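User: I'm new to this one and would like a relaxed walk through it. Could you show it to me and take my questions in turn?

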Amino acid sequence: MPFVSVPKDLDKVKTKVALNLTKRQLVCFSIAAVIGIPLYFCSKKAIGNETAVLCMVAVMLPFFFIAMYEKDGLPMEKILWNIIRSQMLYPRIRPYSTNNLYSVLSKEGIYENKKTNPTRNEITKDKTKTKKNKKRIKKREKQNIIQKE
């Protein structure tokens, strides 16, 4: 009776389409072939056979790398996008700031530690101060009128 090994984590199992390759690998390999093979045939007469092959391999290697590389379940383009976002698009320094409700309320004058109802003495002091100020203002106005004449 034949035995088949079954992996414990079925999330890592990928469906194979053709030639024991996934759809992603087939697409990347075909793009590499569409770019690399015409490059080789067009450049072999101008630069020689060996350098044309090296150029073809250099052009095709990134596509092979994108097709095969995977780290922590993320393909290469997602890893590159995460690197670009973290290094270039978002700020490197994230300042720590809190929303302190007490400071907001105290700035607006809603929450204060002082008494909200003034005492009787405070009210009478305020009245006398305003009466004295009114008298002073009247005296100054009279003096200004006299000086103008």
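Analyst: What follows is a set of short questions and answers about this model.
This is a predicted model, in which local features need pLDDT of at least 70, side-chain atom pairs count only at pLDDT 80 or more, and totals for chains, interfaces and linings use all residues. Residues are numbered from 1 along each chain as its sequence is written, and side-chain values use heavy atoms, with hydrogens and water left out.

User: In what order do the elements of the protein run from the N terminus on?

Analyst: Helices (H or I, at least four residues) and strands (E, at least two) are DSSP runs, numbered from the N terminus. The protein has five helices and two strands. Starting at the N terminus, their order is α-α-β-β-α-α-α.

User: What share of the 149 residues counts as buried?

Analyst: Buried means under 20% relative accessible area, exposed over 50%, and partly exposed in between (1.4 Å probe, protein chains only). Among the residues that pass as buried is Cys 28, because its relative accessibility is 11%. Cys 55, with 35%, is partly exposed. Across the 149 residues, the buried share is 10%.

User: How many disulfides does the structure hold?

Analyst: To count, a pair of cysteine sulfur atoms must lie within 2.5 Å. By that test, the number of disulfides is zero.

User: Which residue in the loop between strand 1 and strand 2 has a positive phi?

Analyst: Most residues other than glycine have a negative phi. The loop in question sits between strand 1 (70-71) and strand 2 (74-75). The residue there is exposed, since its relative accessibility is 72%. With a phi near 55°, a positive value in a residue other than glycine, it's Asp 72.

User: What kind of pair do the rings of Phe 29 and Phe 64 make?

Analyst: Rings of Phe, Tyr and Trp (its six-membered ring) pair if their centres lie within 6.5 Å; planes under 30 degrees apart count as stacked, over 60 as edge-to-face and the rest as tilted. That rule gives three aromatic pairs. For Phe 29 and Phe 64, the centres are 5.2 Å apart and the planes stand at 70°, so the pair is edge-to-face.

User: How many residues apart are Phe 29 and Phe 64 in this pair?

Analyst: The pair links distant parts of the chain, with Phe 29 in helix 1 (residues 23-47) and Phe 64 in helix 2 (residues 49-68). Phe 29 is partly exposed at 24%, and Phe 64 is partly exposed at 31%. Along the chain, they are 35 residues apart.

User: And what about the rings of Phe 65 and Tyr 69: which kind of pair are they?

Analyst: Their centres are 5.0 Å apart and their planes are at 20°, so this pair is stacked.

User: Which residues does Leu 21 touch, leaving aside its neighbours within four places in sequence?

Analyst: Leu 21 belongs to the segment before helix 1, and it counts as buried because its relative accessibility is 18%. Its C-alpha atom is separated by 9.9 Å from that of Ala 67, 46 residues apart along the chain. Taking contact as heavy atoms within 4.5 Å, and leaving aside neighbours within four places in sequence, Leu 21 touches Lys 16, Leu 26 and Phe 29.
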